[in-house]
Each structure stands twice: as C-alpha cells, then as structure tokens.
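Subject: Structure handover

Hello,

Here is the structure I promised to pass on. Please open it alongside this email.

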Amino acid sequence: MRTTRDRIRHTLGFEIIGLVMFAPLASLAFGHDLFEMGLMALVGSIIATLWNYAYNLLFDHAMLRLRGDVRKTTVIRVFHALLFEGGLLLLFLPMIAWHLGISLWDAFVMDIAMSAFYLCYAFLYNLAYDRIFPIPNPTAQPE
C-alpha cells in the first residue's frame, strides 16, 4: 500500500493541478467571473482533498481485503473514479447553490459538468500517478 507521505503528495498534486485547470474553464463555461469560480473551486478543493484522502485510504483497504492487492485494473479504476465523484457530488452540491445563489437544480447541472471534468481528470491523473510513482510493494501494510 501507499505510505501516508505518498498519499499526501498524490492528493496535493491532484488538487493543485485540478484547480489551475478547472477555475478558468468553469468561468468560461458557466459565465461567472473567475474570482467566484476560483473561490468555489478552492472550497470545493478543500472538501475534495479531505474526501480524496479518506476515500482512497478506505478503497485501498477494501481492495487489499477483497483482492489481496491494491493495484487497480482499468475496470476497477473506472469504478473507483465513479464512486469518488458520486460521493463528492453529495458533499459539494449545497455549497455550490449557496455560494453562487442558484437553485439546487442549477447547482446540480453545474455539479454534473464539474463531475464529468473531474471524472476524466481523476482517471488520467491516477493512471499517470501510478506510472510515475509505482507502488513499491503492493501487499505491504500502510504506515
């Protein structure tokens, strides 16, 4: 399994790169100013960072228990990303509606678009991360 230090590097890299890409794209796509979308993205990033750490730790423990290994196949990687984004959707939706002063439905539509972006991004980021920083001993216990 990955160490705590590796998990922190993974999470911070994911969030920083995601913020730099997402805020300007969201501002253009949704017609809100960059500051509003950046602030929303930053708060969302904090929520996502906490969720990311907890979710990945729980997912790896489940993988180790069920499969005896934490390496993910493409199918497991897709399942992993979908579950992560579904949980984040539930956590983030009320904040979007409140911050932007929009209806829950509009926030839901916006959140679905954000989830689609981050779903693709999460898949590609995690695939690249696993190749750049391979798991040294997939059956070892965490720190």
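Below is what was found in it, starting with the core. Please keep in mind that this is a predicted model.

**Core**

The largest nonpolar core holds 20 residues. Met 40, Ile 96, Met 110 and Met 114 have the most contacts inside this core. Four elements give two or more residues to it: α1 (4–30), α2 (34–67), α3 (74–100) and α4 (104–132). The most comes from α4, which supplies 8 residues.

There is also a second, separate core. This one has 7 residues, including Ala 48, Phe 59, Met 63 and Leu 88.

Met 110 is worth selecting in your viewer. Which residues does Met 110 contact, leaving aside neighbours within four places in sequence? The list is Phe 30, His 32, Met 37, Met 40, Ile 96, Leu 100 and Ile 102. Two of the core residues named above, Met 40 and Ile 96, are on that list.

**Helix α4**

The helix α4 has 29 residues. From first C-alpha to last, α4 reaches 39 Å. That is close to the 42 Å expected at 1.5 Å a residue.

Its buried residues are Ala 107, Met 110, Asp 111, Met 114, Ser 115, Tyr 118, Tyr 121, Ala 122, Tyr 125, Asn 126 and Tyr 129. The cover over these buried residues of α4 includes α1, α2 and α3.

**Helix α2: a buried serine and a surface patch**

Ser 45 sits in helix α2. Is Ser 45 buried or exposed? Its relative accessible area is 7%, so Ser 45 is buried, the cut-off being under 20%. Not counting residues up to four places away in sequence, Ser 45 touches Glu 15 and Leu 19.

Ile 46 is in helix α2 too. Ile 46 belongs to a nonpolar patch on the surface. The other members are Phe 35, Leu 39, Leu 42, Val 43 and Leu 50. Together the patch residues have about 590 Å² of accessible area.

**Salt bridges**

How many salt bridges does the structure hold? The count is 7.

Start with Arg 2. Arg 2 forms a salt bridge with Asp 6, with the closest N and O atoms 2.6 Å apart. Both Arg 2 and Asp 6 are buried. Arg 2 also meets Asp 130 in a salt bridge, at 2.8 Å from N to O. What does the pair of Asp 130 and Arg 2 tie together? Asp 130 lies in helix α4 and Arg 2 in the segment before α1, so the pair links parts that are 128 residues apart in sequence.

The accessibility values for this pair fall in separate classes. Arg 2 is at 10% relative accessibility and counts as buried. Asp 130 has a relative accessible area of 27% and is partly exposed.

Another salt bridge joins Arg 71 and Asp 69, with the closest N and O atoms 2.8 Å apart. Arg 71 is partly exposed, at 49% relative accessibility. Asp 69 is at 15% and counts as buried.

Some bridges share partners. These join Arg 2, Asp 6, Arg 9, Arg 77 and Asp 130 into one network.

**Where to look**

For a quick tour, begin at Met 110 and its contacts, among them Phe 30 and Leu 100. Next, go to the patch that includes Phe 35 and Leu 50. Finish at the salt-bridge network that includes Arg 2 and Asp 130.

Best wishes

Terms used
Residues are numbered from 1 along each chain as its sequence is written. This is a predicted model: local features need pLDDT of at least 70, side-chain atom pairs count only at pLDDT 80 or more; totals for chains, interfaces and linings use all residues. Side-chain values use heavy atoms; hydrogens and water are left out. A nonpolar core is a set of buried Ala, Val, Leu, Ile, Met, Phe, Trp, Tyr and Cys residues joined through side-chain atoms within 4.5 Å. Buried means under 20% relative accessible area, exposed over 50%, partly exposed in between (1.4 Å probe, protein chains only). Contact means heavy atoms within 4.5 Å. Patches are made of residues with over 30% relative accessible area and no salt bridge: like charges are joined within 9 Å, nonpolar side chains (Val, Leu, Ile, Met, Phe, Trp, Tyr) within 5 Å. Accessible areas come from the Shrake-Rupley method with a 1.4 Å probe; for residues, only the protein chains shown count as cover. A salt bridge is a side-chain nitrogen of Lys or Arg within 4 Å of a carboxyl oxygen of Asp or Glu. The expected span of a helix is 1.5 Å times one less than its number of residues.
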